[in-house]
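Please look through the structure shown here, paying attention to its aromatic rings and to the surroundings of its ligand.

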Amino acid sequence: VRRPRSSPQAPDPAEVRPRLLAWYRQRRRDLPWRRTRDPYAIWISEAMLQQTRVETVVGYWERFLARFPTVEALAAAAEDDVLAAWSGLGYYRRARALRAAAQAMVERHAGRFPDELEAARALPGVGPYTAGAVLSIAFDRPAALVDGNVVRVFARWLGCDLEYAAATRWAWARAEELVPRDGGAGEWNQALMELGATVCTPREPRCAECPLQDVCVARAEGRQLELPRAKPRKSRVDVELEALFVARGAEVLLERRPSGGRMADLWQLPTLQLSPEPERASLFPPRYTLASLAADDEPLAVLRHSITHHRIVLRVHRAHPPAEKRIEPLAWIPRTRLGALALGGMARKALRALSSHQ
Ligand code: SF4
């Protein structure tokens with residue numbers, strides 16, 4: 001492993017900070033959560049932005065805040081309602097953790113997001129990034145943060161070619177050194193992330209527009225695309241699923257996923273995993289056999305969907321309503337309730353594709 005080429009000393013912030021901030025003030029995107037200082041609203045945006053694109057988050061954030069406008073409202077909400085508001089964003093553990101953290105804030109912090117790092121980190125689902133983001137942006141505390149954008153900007157600007165995990169730890173140390181201690185931490189953190197999101201992008205950095213271009217090690221060495229070193233990727237898994245579309249008047253038959261593991265408690269079409277051979281640990285473990293659900297051979301729809309490194313092909317077949325009385329974990333759901341139901345992203349896609357079928 002080559003060591004970072006930069007000196008272990010942090011660059012002189014007095015030199016770099018004003019120009020990055022000037023660039024940010026001029027070029028930053030006008031995002032709705034940048035128009036508020038409400039820690040609750042900022043916290044929700046940060047939770048949503050992890051793993052999800054900004055354009056997608058905007059609508060979700062507005063709807064979520066309209067539905068749960070305060071910490072108290074989120075703490076008092078039914079988990080199903082929170083999951084329904086999150087439906088389609090993926091990584092549903094985040095939604096459950098938000099509700100649990102809101103309950104902890106009501107119990108321990110009078111319904112407020114705490115303005116102190118240790119207390120923030122003690123909340124369910126609040127890691128170092130989220131705590132740093134809310135404390136610096138909402139409270140202007142000198143809290144550092146590192147996300148993928150910040151790792152990329154630091155690694156290129158300062159020429160770090162450590163492996164990704166080590167580069168991330170290294171970036172945290174740089175972030176701690178550089179975060180302003182005398183006000184403006186939130187703006188500085190956002191400027192770094194904004195540069196990574198809009199200029200110092202993974203595949204096509206626009207160095208000619210970058211305020212750091214004349215001090216950037218990667219640019220000087222033509223190594224922008226090599227840094228930071230790539231994250232080790234999980235190899236892709238092809239998954240073949242069969243789902244059943246069973247309608248009875250104005251109702252459809254849906255399956256509720258188990259209360260543990262991925263997409264816990266979310267609703268989906270009754271789904272069977274054909275390959276790879278389903279196991280207990282698979283995304284779609286075998287859970288029931290309803291012999292009477294004989295399905296048509298010809299699929300009504302064929303959909304493609306990705307969940308982390310799983311590449312899924314889903315074939316939806318029409319099937320007959322089951323004769324059995326007890327059909328758990330399946331349930332008849334009125335179509336009019338589908339919009340408010342906690343559906344997984346793939347289920348939402350499938351039901352949309354099938355909306356014209358009776
Ligand atoms: S000069 Fe290019 S590589 Fe360096 S920080 Fe700016 S955009 Fe990134």
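**Rings, charges and a ligand**

Arg17 lies over the face of Trp188, 5.6 Å from the ring centre, where a charge counts as sitting over a ring if NZ of Lys or CZ of Arg is within 6 Å of the ring centre and within 35 degrees of the ring normal. In a further case, the charged end of Arg63 sits over the ring of Tyr60, at 4.9 Å from its centre.

This is a predicted model, in which local features need pLDDT of at least 70 and side-chain atom pairs count only at pLDDT 80 or more, while totals for chains, interfaces and linings use all residues. Residues are numbered from 1 along each chain as its sequence is written, and side-chain values use heavy atoms, with hydrogens and water left out.

Rings can also pair with one another, and the structure holds six aromatic pairs (rings of Phe, Tyr and Trp, the last by its six-membered ring, with centres within 6.5 Å; planes under 30 degrees apart are stacked, over 60 edge-to-face, the rest tilted). The rings of Trp33 and Trp61 have centres 5.6 Å apart and planes at 75°, so this pair is edge-to-face. Both Trp33 and Trp61 are buried, meaning under 20% relative accessible area with a 1.4 Å probe and protein chains only. Ring pairs also join Tyr40, Trp43 and Phe113 into a cluster.

Turning to the ligand, the residues that surround it are Arg156, Val199, Cys200, Cys207, Cys210, Gln213, Cys216, Arg219 and Gln224, each with a heavy atom within 4 Å of it.

Definitions and conventions
Buried means under 20% relative accessible area, exposed over 50%, partly exposed in between (1.4 Å probe, protein chains only).
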